[in-house]
Amino acid sequence: MIELTHVRRTFGQTVAVEDLSLAIPPGEIFAFLGPNGAGKTTTIKMLVGLLQPSQGSLRVAGWDVVKHPQQVAQQIGYVPDEPFLYDKLTGREFLEFIAQVRGMDPKQAQDRIAYQAELFQLHGFLDQLTDTYSHGMKQRVVFASVLLHDPPLLVADEPMVGLDPKSVRLVKDLMRARAAQGKTVFISTHTLTLAEEIADRIGILHRGQLLFVGSLAQMRQQGLMQDKSLEEFFLELTDGQGHAQPPHAPVENIPLAAREGASIWGLPSASSVPPQEDC
Amino acid sequence: MAIPWAIQEPAEPATTVPLALPTPSAEVRAFGQLRFRRFRWAMRMGLSGSRLRLALIMVLSLVLWGVIFWLCWDGFLFLRSAVAHTPTHDQIVHHVFGMYLLALMLMLIISSGILLYGMLFWGPDIPFLLTLPASTERVFLHKFQEAVWLSSWAFVLLSSPMFVAYGLAADSPWYYYLLLAPFLVAFSYIPAALGALLCLAVVRWFPGARMVFLLGVILVLLAGTAWVVRGLTGAEPGDLLTPHWFQSILQRLQFSQHRLLPSWWVSMGLLEASQPRQVPAWPVRPPWAESLLFLTLTISNALLFRQIAGWSGRSWYRTAYSRLHTQHRRRRQGLLAALAGSAVAGRLKQLPSTVIRAVDRFLLRLPIGARPIRLLVVKDFRLFRRDPLQWSQFLVFFGLVFFYFLHMRPFSYDIHHTTWVNMVSFLNLSVVGLLLSTFTTRFIFPAISLEGRRFWLLGLLPLRREQILWSKFLYAFGGSILPCSLLVLLSDWKLGISPLIGAIHQLTAVLLALGLSGIAVGLGAKMPNFRETSPARIAAGFGGTLCLVLSALYIVLIVALTALPSHFWLAFQTGQTFWTPRPFGLWEKDIRFWMLGGIGASILLGLAATAIPLRIGFHAFRRMEF
């Protein structure tokens with residue numbers, strides 16, 4: 001389903017992704033792990049066609065991402081790290097727009113919207129403007145929108161951020177169900193337990209380079225993890241040591257009386273004097 | 001599939017979803033409906049939630065329309081009476097239309113280019129749209145359409161009264177008014193498409209040099225304006241309105257009459273349509289047919305340019321987007337080094353940052369306000385200089401006024417008449433004030449709302465809320481007074497104003513900067529909009545409109561309080577006046593008292609306009625919940 005071949009992406013002199021080759025078959029949940037700035041989001045943005053690789057190629061369902069971005073987009077449901085909704089549309093209108101752009105006829109669109117609304121429990125607010133939604137409500141509408149066309153590939157960048165425990169559980173179940181139906185799920189996450197729990201394979205990216213690809217079982221079989229947890233293994237791989245040491249704090253004292261008075265000139269005002277205790 | 005909290009697992013629809021791409025017509029329908037629905041919701045909310053705001057906007061627009069119409073109507077009638085020779089009259093109107101449309105075309109190219117840069121490459125919906133299976137061309141055209149609308153509505157609002165006034169003054173037939181709208185709409189597409197092409201090409205091939213390019217365009221614009229103004233200012237005093245003067249001016253504006261300019265087509269088409277109905281002898285075409293030919297030419301070119309823009313969008317947009325978003329941030333600094341040789345490169349590279357650091361240090365050491373306030377001012381100054389939208393608009397408008405003032409003396413007709421000089425000097429002061437008020441409304445008023453969005457950050461710092469507002473006020477005042485005062489000084493110098501009136505002007509400039517900053521900061525704190533992320537939209541809201549109206553009223557009052565008595569006082573001093581030697585039957589001592597009283601009243605008004613909005617703003621800001 002996904003095929004990355006010697007992909008490289010630079011930002012000026014900085015190499016964000018270096019010689020990344022990866023193949024993910026249909027029916028697999030793949031979790032991309034890595035510290036901040038490792039190149040996960042850049043890889044995802046290349047995969048969904050937002051950024052183009054400096055070198056190498058990316059293919060989704062056989063389509064080259066750079067040459068056929070439309071065909072690739074039709075195969076993908078993409079949940080970005082900062083999901084977007086039009087604030088002057090209702091949730092339903094937003095979903096209808098997605099359905100139209102995805103080439104569904106009106107009847108199909110209504111059926112799919114009704115199904116997703118039921119699945120994500122959107123009925124209570126689907127006809128309200130999205131600028132009245134909470135973060136969690138927005139996330140649920142975004143998930144409904146990306147699954148509207150039942151895509152063969154779901155790509156999600158930090159999908160659990162802002163979701164309540166119920167919704168987290170729902171999304172995890174959905175991912176498993178999709179994989180069981182032969183569809184592919186590609187997620188990027190910092191939550192190691194999530195990867196440990198649902199991913200068939202894990203890729204650890206660090207400074208643009210893929211340090212490890214495989215399942216937890218493979219890690220254990222190869223003796224890489226020994227009796228360590230995924231967290232310890234991840235830190236060892238990305239930091240070079242199992243336990244990151246915090247840096248020494250500077251020894252000078254920071255004055256806590258920095259708050260200045262109400263006056264523009266910084267003179268103390270009556271309100272800045274601490275209240276006297278009654279005797 | 002197990003759903004943890006659903007009462008019953010929903011049944012998945014039996015129909016499978018096709019993964020075929022949408023047809024072009026389906027795309028057009030989807031995006032058209034998207035725009036329509038967003039517009040309908042915005043209108044519905046505007047009508048239900050803020051009728052006062054809508055009414056105010058409508059009334060103000062009508063007033064503005066009416067004022068422009070009246071000025072143009074008066075001007076065209078004057079022209080008709082001053083130039084009896086019909087071919088010369090038509091030639092002059094043709095040049096006026098040509099120059100006006102050409103200037104607007106240049107402005108529309110730049111404004112739509114800048115707008116599209118923001119919308120195509122930094123719009124919050126762009127990553128979403130580019131990951132949908134809509135064609136790249138459709139996404140580009142969707143944004144292009146929005147940019148045409150945004151950059152052209154002001155063009156139509158400002159142009160229509162002039163053309164309607166001309167139609168009435170020239171006693172034009174009914175179809176002149178009918179053809180006006182398609183001419184203006186078709187015309188606005190051409191500069192918008194050129195702006196789009198320019199924007200796409202720069203980002204596609206020179207993403208790292210886009211700021212240098214923008215600066216270059218601004219410099220070329222300023223140089224071009226200076227060249228045109230210089231070309232117009234050669235007339236000798238006393239030559240005014242003579243046939244020789246007209247011919248000389250028309251000769252210098254000949255460049256606006258090039259046959260390949262869309263502004264020329266529109267100008268010709270409208271003038272033909274305005275001709276009285278008559279049936280000329282065959283084979284000469286009647287004027288309405290000539291006008292239709294020019295309309296067809298304009299529309300076909302508008303469609304062609306739109307099509308070229310669409311094709312370019314299809315080919316360049318995704319690559320341009322990717323190239324821009326994979327630029328290294330430090331690249332811009334390296335550009336100077338690349339342009340200069342290696343020997344000077346290091347110094348050149350360091351120069352801007354050295355100067356900027358020195359300015360920051362200077363601001364931090366100013367003996368005004370507490371240190372946290374100065375730190376916030378430095379932060380706002382940094383945001384200003386890193387936001388090209390702010391500094392480029394500031395530079396273009398103040399630059400244009402600067403060039404106008406610089407070339408004012410030779411442009412004068414009767415410079416030696418004190419009354420004229422005095423009137424022009426106060427008009428210039430008002431222009432500077434009005435320009436300043438647009439900036440305080442556009443950039444200072446929304447600053448409180450934007451600060452409120454990140455209030456969690458400032459709220460956790462050891463700062464008092466008042467200090468945030470004081471910092472905004474000092475930033476606004478400091479940023480306004482310098483250009484305002486310098487421009488007024490330049491205008492006074494070029495007009496040869498007496499030191500006393502010059503001093504009054506400087507005092508008025510200080511009062512304007514103080515009052516306008518106070519109004520913008522005070523109202524910004526009283527009427528914040530924390531839902532909106534775009535400063536332009538915050539400024540376009542009710543609070544922003546009110547801020548602009550109050551600012552304009554304040555400018556009129558302040559200038560009138562100081563200008564009128566100064567005017568009569570000067571008239572007494574020199575014995576030059578349009579009316580009688582004793583205006584309103586007043587003696588010199590009365591006028592002197594009036595002048596002192598006017599200055600005193602303007603100071604009081606200035607202090608009130610600063611203190612009252614700030615006080616209201618402080619009160620509201622202290623109690624505000626974020």
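These notebook entries record what I looked up in a predicted model, starting with chain A and ending with chain B.

**Conventions.** I kept to residue numbers that run from 1 along each chain as its sequence is written, with chains lettered from A and ligands numbered from 1 in the order in which they are written. As the model is predicted, local features need pLDDT of at least 70 and side-chain atom pairs count only at pLDDT 80 or more, while totals for chains, interfaces and linings use all residues.

**Entry 1, the hairpin of chain A.** I took helices (H or I, at least four residues) and strands (E, at least two) as DSSP runs numbered from the N terminus, and I counted two strands as paired if DSSP finds at least two bridges between them. Strand β1 of chain A (residues 2–11) pairs with strand β2 of chain A (residues 14–24) in the antiparallel sense over 7 bridges, and within that pairing I found A:L4 opposite A:L22. The two strands form a hairpin with 2 residues between them, and A:G12 in the turn has a positive phi of about 65°. I then followed β1(A) to strand β4 of chain A (residues 55–60), to which 5 antiparallel bridges join it; A:R8 has A:Q55 as its bridge partner there.

**Entry 2, strand β3(A).** Which residues of β3(A) are buried on one side and which on the other? I used the C-beta count, with C-beta atoms placed from the backbone: a residue is buried if 20 or more other C-beta atoms lie within 10 Å of its own, exposed if 12 or fewer, and partly exposed in between. A:I29, A:A31 and A:L33 are buried on one side, and A:F30 and A:F32 on the other, in keeping with the count of 5 buried residues out of 5 for this strand (residues 29–33). I noted that side chains in a regular strand alternate between the two faces of the sheet.

**Entry 3, the open sheet.** I traced 6 strands of chain A in the order β6-β7-β8-β3-β9-β10, forming an open sheet with mixed pairing. β6(A) (76–79) and β10(A) (209–214) stand at the edges with a single partner strand each, so one side of each is left without a neighbour in the sheet. Inside the sheet, β3(A) runs parallel to β8(A) (residues 184–188), with 4 bridges between them, and A:A31 is partnered by A:I187. β3(A) is also parallel to β9(A) (residues 201–206), again over 4 bridges, with A:F32 opposite A:G203. By contrast, β9(A) and β10(A) are antiparallel over 5 bridges, and A:I204 stands opposite A:F212.

**Entry 4, chain B.** I found 22 helices and 0 strands in chain B, where buried residues make up 34% of the 626 residues. For helix α19 of chain B (residues 499–526) I checked the length against the expected span, which is 1.5 Å times one less than the number of residues: its 28 residues should span 40 Å, and the end C-alpha atoms are 40 Å apart, which agrees. Of those 28 residues, 20 are buried, so α19(B) is largely enclosed by the rest of the structure. Using axes fitted to C-alpha atoms over the stretch in contact, with angles from 0 to 180 degrees between N-to-C directions, I saw the axes of α18(B) (residues 465–495) and α19(B) come within 8 Å and cross at roughly 150°. The two helices are therefore roughly antiparallel to each other, a label given to angles over 145 degrees, with those under 35 roughly parallel, 65 to 115 roughly perpendicular and the rest oblique.
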